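The following exercises concern a single protein model. Please study the sequence and the structure, and then work through each solution step by step.

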Amino acid sequence: MMRSYIGRTLKMASVLALVAGSAQAEDVEVLHWWTSGGEAAALNVLKDDLQKEGIGWKDMPVAGGGGQSAMTVLRARVTSGDPPTAVQMLGFDISDWAQQGALADLDKVAADGNWDAVVPAALQKFSKYDGHWVAVPVNVHSTNWVWSNKKMLADLGIEEPKTWDEFIAAMQKVKDSGKIALAAGGQPWQEATMFDGVVLSVGGPEFYKKAFVDLDPEALGGPQMVESFKRMEQLHSFVDPNFSGRDWNLATAMVINGEAAFQMMGDWAKGEFLRAGKEAEVDFGCFRTPGTAGDVTFNSDQFAMFKVGEDAQAAQDAMAKAVMSPSFQIAFNTVKGSVPSRTDVSDEEFDACGKKAMAQLKSASENGTLLGSMAHGHADPASVKNAIYDVVTANFNGEYDAETAAKELVKAVSLAQ
């Protein structure tokens, strides 16, 4: 399985040889936080493609899922007047930099590639600023996933849970067997990622929108939010004592290696399973947080293109064109675990979880249940997101009980706006 995976990755890279065009240009300097094994394999698809076109790649990896550390490095570079060519970025962070006048205008490349017609409007909200393209969407991730070790569940006689109560019962059965029920990392963004699915499981799309998009105080402090925090307390009872500070990919490895049964994490986790030679719906399972079937919370990795000199413009345009090519979108996302940011891409080369994700994304988009992820900066600006992080982490770690957390959430969001 591993040999076929590596061979497929190399084949995908070679398929892209002509995508970026014939431009011979300066290097592109790319700041990103794709540092896990699966993420690095996916990024290499783009890196190899550009290098074959004579465009050098200056890598600026900054470890730390969620990108907080990368944004710190970026601010220092921009302040010193030396921004990178392209920066991996999420949601409102793109709008913030565009508002400061730091981003390049990609309208010509976008018009040549007909991006307006093939990129979902929910993504264009972040790819554009004041009507102009300033960033290139690489993928669509969704955050309300649960990943499972199929063998462990089969050995324990556990079927895929459909409701929250079934999920709790399944984890209790795992815990009673002496295994770890829930693999988790004690980092604020990881706890917030779980919270995305939990809040959606309690109140559905309407409540999620009221709480995280409208920032309605009654929703933020009401009984459904109290129940959401109680569910987070339930989840905490199933993690192992050493979860604090653990990176997300190490938690994924616990599921891969049969040390833990479940992980609540975005679909970038699938890249780790694939890199380990595991097969979707054979070795590992993928299902929505119980209670959220039909709903999708999303985030989209994008490359925000910073203003560069004329000498670097050709390389930047070539990179933008390469990222949006259908062949790259397939090649990258089949390795990364996400789905394409274009709506005109076939699911033929995607595995069982990928096919499921693409179908659910389309359905949620059509039904109005495709929702920007709070945890990953697609529901609120960073100030509000970080305020929510603080309360969620305090609750998950026992500093606030559920009732106190709901009250504190109202205060925190009010102060952050």
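Helices (H or I, at least four residues) and strands (E, at least two) are DSSP runs, numbered from the N terminus. The expected span of a helix is 1.5 Å times one less than its number of residues. The model is predicted: local features need pLDDT of at least 70, and side-chain atom pairs count only at pLDDT 80 or more, whereas totals for chains, interfaces and linings use all residues. Residues are numbered from 1 along each chain as its sequence is written, and side-chain values use heavy atoms, with hydrogens and water left out.

**Exercise 1. The course of helix 10**

Task: Compare the end-to-end distance of helix 10 with the span of a straight helix, and locate the kink.

Solution:
1. Helix 10 covers residues 188-213, which is 26 residues.
2. At 1.5 Å a residue, a straight helix would reach 38 Å, but the end C-alpha atoms of helix 10 are only 20 Å apart.
3. A kink of about 120° lies at G204, shortly before the proline P205. The bend at a residue is the angle between axes fitted to the seven residues ending there and the seven starting there.
4. Of the 26 residues in helix 10, 19 are buried (buried means under 20% relative accessible area, exposed over 50%, partly exposed in between, with a 1.4 Å probe and protein chains only).
5. Just after helix 10, L215 has a positive phi of about 55°.

**Exercise 2. Aromatic pairs**

Task: Describe the pair W34 and F303, and state which parts of the chain it ties together.

Solution:
1. A pair of aromatic rings is described by the distance of the centres and the angle of the planes. Rings of Phe, Tyr and Trp (its six-membered ring) pair if their centres lie within 6.5 Å; planes under 30 degrees apart count as stacked, over 60 as edge-to-face and the rest as tilted.
2. The structure holds 18 aromatic pairs. One of them is W34 with F303, edge-to-face at 5.8 Å centre to centre and 90° between the planes.
3. W34 lies in the loop between strand 1 (28-32) and helix 2 (37-52), and F303 in strand 13 (residues 301-305), so the pair ties together parts 269 residues apart in sequence.
4. Both W34 and F303 are buried.
5. W34 and F303 form one aromatic cluster with F328 and F332.

**Exercise 3. The surroundings of G131**

Task: Is G131 buried or exposed?

Solution:
1. G131 lies in the loop between strand 4 (128-129) and strand 5 (132-133).
2. Its relative accessibility is 55%, so G131 counts as exposed.
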